[in-house]
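Dear colleague,

Please find the structure below, together with its sequence. My notes on the ligand site and on the enclosed space follow it.

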Amino acid sequence: MSAENNKLGELVSLLKRRGFVFPGSDIYGGLSGTWDWGHLGVLLKERIKNEWHKMFVREREDMVTLDAALIMNAEVWKASGHVEGFSDPLVACEKCKRRFRADQIIPTLGVGIGPHCPECGGPLSEPRQFNMMFETRIGAAEDSSSVAYLRPETAQGIFVNFKNTLDAYHPKLPFGIAQIGKAFRNEITPRDFLFRAREFEQMEIEYFVRPKEWEEHFERWRMLLHGWVARIGIPESAVHEVEVPDGERAHYSRRTIDFEYDFPFGRKELYGLAYRGDYDLAQHSERSGVDLSYSDEVTGERFIPHVIEPSLGLDRTALAVLASAYAEDELGATVAGGASEKRTVLRLPPALAPISAAVFPLLKNKPELVARAREIYRALVPALPAVMFDDNGNIGKRYRRQDEIGTPWCITVDFDTLADGTVTLRDRDSGVQTRIPAEEIVAAIQTSL
Ligand code: GAP
């Protein structure tokens with residue numbers, strides 16, 4: 001097993017053991033392509049979404065948000081081209097009956113080897129297009145009029161609310177609508193942990209612009225995506241832009257740049273930045289009969305705006321953030337308090353850590369220490385995003401547990417706290433402890449958040 005695969009194995013096992021992510025429907029043997037997020041994973045995702053919201057909505061004047069329904073009218077997906085074209089080429093092994101995405105396995109086969117099953121070597125069928133949308137039925141009727149789809153992208157919820165947004169807020173171009181939510185794809189081969197799932201979350205922006213200004217906005221969003229990646233602690237050197245060539249782009253796209261990341265299982269797509277032209281609004285205008293054009297006060301023209309779309313998968317973001325943060329290192333004897341100490345640590349940016357600070361009484365069986373530690377803990381709860389109280393096991397073990405879940409700060413209440421009101425504040429990355437007055441904890445920590 002390669003070192004990188006080994007790293008993924010270690011990370012997956014840490015995330016299950018420490019309650020970030022579990023396999024979906026685990027006690028029934030799992031359900032391929034689904035994952036359940038535990039407490040710490042929920043907190044991590046919340047913090048990523050919060051940063052995204054801060055950077056792309058709260059800190060700007062040209063963005064509004066939306067939370068559209070997950071089940072949408074089938075007409076939406078006919079107009080968007082997904083019923084017709086949202087498919088991957090599927091091949092099946094005629095011997096073992098396993099199914100594969102043809103584009104994923106055929107390029108890996110050598111010249112003259114012929115398309116054979118990568119699992120059993122059996123012959124493969126001719127490729128056929130397999131539509132990835134999950135179909136469901138609305139109400140009790142069983143005919144075709146009751147068919148509805150779970151959305152395979154959150155984007156269409158934005159396009160079908162374009163007119164509602166114009167009418168409600170009268171935004172001026174350029175402006176964007178941002179949405180976070182679940183998307184569903186019946187992937188032929190879900191794989192690589194959270195990377196390709198059948199149910200996942202997207203953080204999408206449809207940014208509406210004047211047609212002749214699309215290139216400058218595309219460039220701006222390209223830079224903003226690099227700023228985002230840096231903000232969430234993903235090293236810039238691990239992110240690579242790939243221009244998607246003609247013929248390989250999604251049916252709606254006139255230009256796409258994929259942002260790829262060096263995942264432990266290889267360099268793969270993290271995000272997409274697409275120029276969708278007026279494709280979606282024009283399609284929905286035509287099919288719904290509702291005018292989705294925009295009247296430009298500046299030029300006096302009426303036209304269908306064009307769209308730049310930065311599309312970010314939340315689960316892939318969490319995986320890239322976690323993979324970037326995962327480290328095994330050794331604290332020197334001076335900070336480990338004796339012999340040097342090997343540890344596993346998530347070096348998450350403090351603004352993303354599921355727990356921002358953990359408070360410990362030095363000894364569990366000294367009621368005066370526990371009472372003072374609880375007091376400090378209660379005072380920190382309203383001041384910091386997430387605080388934890390822990391009196392389990394010895395102090396060294398508590399530090400190691402917090403290092404493993406990426407807690408940037410640990411606060412220990414000891415006998416000096418009772419005498420002079422100071423606590424020790426331990427920094428996750430260096431292991432260094434400093435003594436500060438208890439009332440200065442919030443200020444010391446907040447600067448890092
Ligand atoms: N609205 C455009 C769109 O959906 P996409 O490239 O198909 O474009 C955008 O998806 C992002 O959603 C991807 O870059 C990835 O981060 C995430 N994503 C797509 N399929 C996924 C899957 N099966 N599992 C997890 N994340 C996925």
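A polar contact is taken here as a pair of N or O atoms within 3.5 Å. By that rule, a nitrogen atom of the ligand lies 3.4 Å from a polar side-chain atom of Arg316. A nitrogen atom of the ligand is also 3.2 Å from a polar backbone atom of Phe195, and an oxygen atom of the ligand is 2.6 Å from a polar backbone atom of Leu270. The protein covers 91% of the 560 Å² of accessible area that the ligand has on its own (Shrake-Rupley method, 1.4 Å probe).

This is a predicted model, in which local features need pLDDT of at least 70, side-chain atom pairs count only at pLDDT 80 or more, and totals for chains, interfaces and linings use all residues. Residues are numbered from 1 along each chain as its sequence is written, and side-chain values use heavy atoms, with hydrogens and water left out.

The shell around the ligand (residues with a heavy atom within 4 Å) holds 21 residues, of which Glu153, Arg185, Glu204, Glu269 and Leu270 come nearest. Strand S14 (266–277) is among the strands that supply at least two of them, and its five residues form the largest share.

Separately, there is one cavity of 30 Å³ or more, where a cavity is a set of points on a 1 Å grid over the protein atoms alone at which a 1.4 Å probe fits but cannot get out. Its volume is about 70 Å³, the space filled by probe spheres set on the points.

Kind regards

Technical notes
A polar contact is a pair of N or O atoms within 3.5 Å; within protein, one must be able to donate a hydrogen and the other to accept it, and residues adjacent in sequence count only if both atoms are side-chain atoms. Helices (H or I, at least four residues) and strands (E, at least two) are DSSP runs, numbered from the N terminus. On a 1 Å grid over the protein atoms alone, a cavity is a set of points where a 1.4 Å probe fits but cannot get out, and a pocket is an open set with protein on both sides within 12 Å along at least five of seven lines; lining residues have an atom within 4 Å of a point.
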